[in-house]
Amino acid sequence: MSTTTATETATTPRLEKVEAVQDLGTETKIQGNENSFFDQVHFLGDKEGKVVIRSPPKFDNVEDQRTYQKQHLAVAFRVFARQGFDEGVAGHISLRDPLNPEHFWINPLSTHFSRIRVSDLVLVNERGEVQPGGAQSAINGPAFAIHSEIHKARPDLNAACHAHSVYGKAFSCFGRPIEMIYQDALRFYNDLAVYPRYGGTVISSEEGARIATALGSCRSIILQNHGMITCGSTVDEAAFLFIALDRCCHAQMLANAASGPGWEKIMIGEEEAEYTHKKSGNSSKMWLAFQPYFDQVAAEEPEVFQ
């Protein structure tokens with residue numbers, strides 16, 4: 001078994017509109033017999049097939065898609081704040097712009113995760129220049145150096161998360177991936193890379209490109225002596241993977257501390273690991289896993305949609 005190395009208050013109608021779009025997306029998927037999402041999340045419903053789990057919405061135009069994705073990006077920052085992933089001006093989440101895939105949305109520099117709203121999000125081009133249409137705010141230079149290269153190297157990934165979480169950076173000093181010793185780790189089976197060097201604060205596109213290369217075909221990467229990055233086809237997927245990986249790092253260190261004679265760690269077999277990764281680590285399941293966090297922020301902090 002191996003792991004790869006290498007500015008008005010949001011109104012109720014706005015929230016109702018998002019929920020309605022989600023319902024419409026589910027209806028469209030069922031009528032179109034596009035059942036891959038439902039197969040991947042393996043839920044149980046009623047005999048007639050009327051009881052279904054929510055699914056990502058579909059959109060008739062890109063503007064609505066952009067609005068929905070920006071709302072989920074803004075909420076992701078609030079979720080990270082609740083998880084304790086904030087630390088000064090460190091940390092960033094990027095989202096590829098659906099209208100212009102060479103541009104992406106990112107957080108403004110020196111705004112706390114817990115205060116970020118949709119209107120605070122900054123749109124930048126492939127040269128890191130702030131564009132019209134988003135907040136006219138400065139962004140983190142190292143953030144651009146990392147995220148721009150990942151977005152260029154991986155057109156299949158639309159979002160990337162990086163933050164200096166406590167357990168992530170503590171585990172990063174080992175320069176190795178987590179072990180497949182418990183079920184939740186299997187989300188990262190053969191899907192977690194390691195960048196086996198520390199080159200200082202990332203201020204150049206060359207260092208960002210090396211990180212993107214080390215990421216390879218994986219969704220997540222441990223940055224030696226630094227922290228970690230998780231990515232996904234949606235910001236929901238990328239954000240949940242970050243939460244999951246940080247907790248895996250914590251669990252790994254607890255297991256390491258407890259192991260000893262008579263308490264040897266037992267590795268999960270490759271066949272079981274591969275099967276569970278497909279069932280529990282797929283993009284659909286990761287999107288769904290983030291929605292309870294989204295719901296919590298949407299209900300308790302509706303100003304995030306301003």
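Three short exercises on the packing inside this predicted model follow.

Residues are numbered from 1 along each chain as its sequence is written. Local features need pLDDT of at least 70, side-chain atom pairs count only at pLDDT 80 or more, and totals for chains, interfaces and linings use all residues, while side-chain values use heavy atoms, without hydrogens and water.

**Exercise 1.** Find which helix gives the largest share of the largest nonpolar core.

Solution. A nonpolar core joins buried Ala, Val, Leu, Ile, Met, Phe, Trp, Tyr and Cys residues through side-chain atoms within 4.5 Å. Buried means under 20% relative accessible area, exposed over 50% (1.4 Å probe, protein chains only). The largest core has 53 residues. Phe80 and Ile178 have the most contacts inside it. Helices (DSSP H or I, at least four residues) and strands (E, at least two) are numbered from the N terminus. Helix α7 (235-258) is among the elements that each supply at least two core residues. The largest share, eleven residues, comes from α7.

**Exercise 2.** Which residues of α8 are buried, and on how many sides do they lie?

Solution. Start with the buried ones: Ala273, Thr276 and His277. They cover an arc of only 105 degrees (directions from the helix axis to the C-beta atoms). That puts them on the same side of α8. The face turned away carries exposed Glu271, Tyr275 and Lys278.

**Exercise 3.** Decide how α7 and α9 are oriented to each other.

Solution. Take the angle between N-to-C directions, from 0 to 180 degrees, using axes fitted to C-alpha atoms over the stretch in contact. The helices pack at about 85 degrees, axes 8 Å apart. Angles of 65 to 115 degrees count as roughly perpendicular. Therefore α7 and α9 are roughly perpendicular.

Terms used:
Angles under 35 degrees count as roughly parallel, over 145 as roughly antiparallel, 65 to 115 as roughly perpendicular and the rest as oblique.
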